[in-house]
Amino acid sequence: MREDGNGDGRRVGSGVSAGMPGHGVEQPEFLSLERELTVLLRRARASQGEMAREVHPDLESAAYGLLIRLDECGRQRATELAAYIGVGKATMSRQLRALEDLGLVAREPDPADGRAWLVHLTEEGRGRVGKVREARRARYARRLSGWDPREVSELARLLNQLNQEMEGQG
């Protein structure tokens with residue numbers, strides 16, 4: 001047993017191998033990572049709800065990610081969106097119907113497959129999402145104003161790397 005590197009007096013064991021020599025799951029770096037990701041994800045969920053309400057007062061928090069995906073990637077099939085978000089077809093259909101009812105997305109026939117539909121942001125949706133995303137980036141810029149721009153870039157790179165690993169692509 002040895003002291004945690006955080007100086008909080010907790011003791012940790014040598015850990016179980018996580019597939020890498022010397023990197024057991026009880027190592028201080030993994031304990032710190034788990035703790036910090038828990039805080040980040042909790043804050044992100046709360047923030048997502050706020051941003052969803054900024055887009056539209058009746059927008060579900062979970063649907064905000066769909067709007068961001070459509071803003072970044074353009075027209076997509078509902079099945080592609082469901083796979084990306086990690087939900088089933090029924091959940092995706094319900095969310096898309098709600099977004100259509102709010103006037104934020106529309107569907108059109110897929111020219112490559114007449115049986116399928118493509119979903120896209122409406123002009124109203126694009127404008128609302130763009131305004132919220134711009135405000136969010138401005139908040140990041142204010143909160144990280146004391147950071148060196150290279151540190152911000154490195155954080156973005158590491159988060160991208162983490163996201164790729166979590167998706168099984170890394």
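## Exercises: a surface patch and a core

In this predicted model, Leu-40, Trp-147, Val-152, Leu-155 and Leu-159 make a nonpolar surface patch of about 390 Å². Let's work from there.

**Exercise 1.** Find which helix gives the most to the nonpolar patch, and decide whether Leu-155 is buried, partly exposed or exposed.

*Solution.*
- Step 1: Look at helix α6, residues 149-166; with 3 residues, this helix gives the most to the patch.
- Step 2: Place Leu-155, which sits in helix α6.
- Step 3: Buried requires under 20% relative accessible area and exposed requires over 50%. Leu-155 has 34% relative accessibility, so this residue counts as partly exposed.

**Exercise 2.** Turn to the largest nonpolar core and work out which elements supply it.

*Solution.*
- Step 1: Start with the core itself, which has 21 residues; Val-55, Leu-59, Leu-67 and Leu-99 have the most contacts inside it.
- Step 2: Trace the suppliers: α1 (28-55), α2 (64-73), α3 (78-85), α4 (89-101), β5 (113-121) and α5 (123-143) each give at least two residues of this core.
- Step 3: Pick out the largest share, which is the 5 residues from α2.
- Step 4: Zoom in on Val-55. Beyond its neighbours within four places in sequence, Val-55 contacts Tyr-64, Leu-67, Leu-104, Arg-128, Val-129 and Val-132.

**Exercise 3.** Describe the whole chain: its elements, their order and its buried share.

*Solution.*
- Step 1: Count 6 helices and 5 strands.
- Step 2: Read them along the sequence as β-β-α-α-β-α-α-β-β-α-α.
- Step 3: Of the 170 residues, 24% are buried.
- Step 4: Finish with the surface: the chain exposes about 11,400 Å², and carbon and sulfur atoms supply 53% of that area.

Note on methods:
Residues are numbered from 1 along each chain as its sequence is written. This is a predicted model: local features need pLDDT of at least 70, side-chain atom pairs count only at pLDDT 80 or more; totals for chains, interfaces and linings use all residues. Side-chain values use heavy atoms; hydrogens and water are left out. A nonpolar core is a set of buried Ala, Val, Leu, Ile, Met, Phe, Trp, Tyr and Cys residues joined through side-chain atoms within 4.5 Å. Buried means under 20% relative accessible area, exposed over 50%, partly exposed in between (1.4 Å probe, protein chains only). Helices (H or I, at least four residues) and strands (E, at least two) are DSSP runs, numbered from the N terminus. Contact means heavy atoms within 4.5 Å. Patches are made of residues with over 30% relative accessible area and no salt bridge: like charges are joined within 9 Å, nonpolar side chains (Val, Leu, Ile, Met, Phe, Trp, Tyr) within 5 Å. Accessible areas come from the Shrake-Rupley method with a 1.4 Å probe; for residues, only the protein chains shown count as cover. A salt bridge is a side-chain nitrogen of Lys or Arg within 4 Å of a carboxyl oxygen of Asp or Glu.
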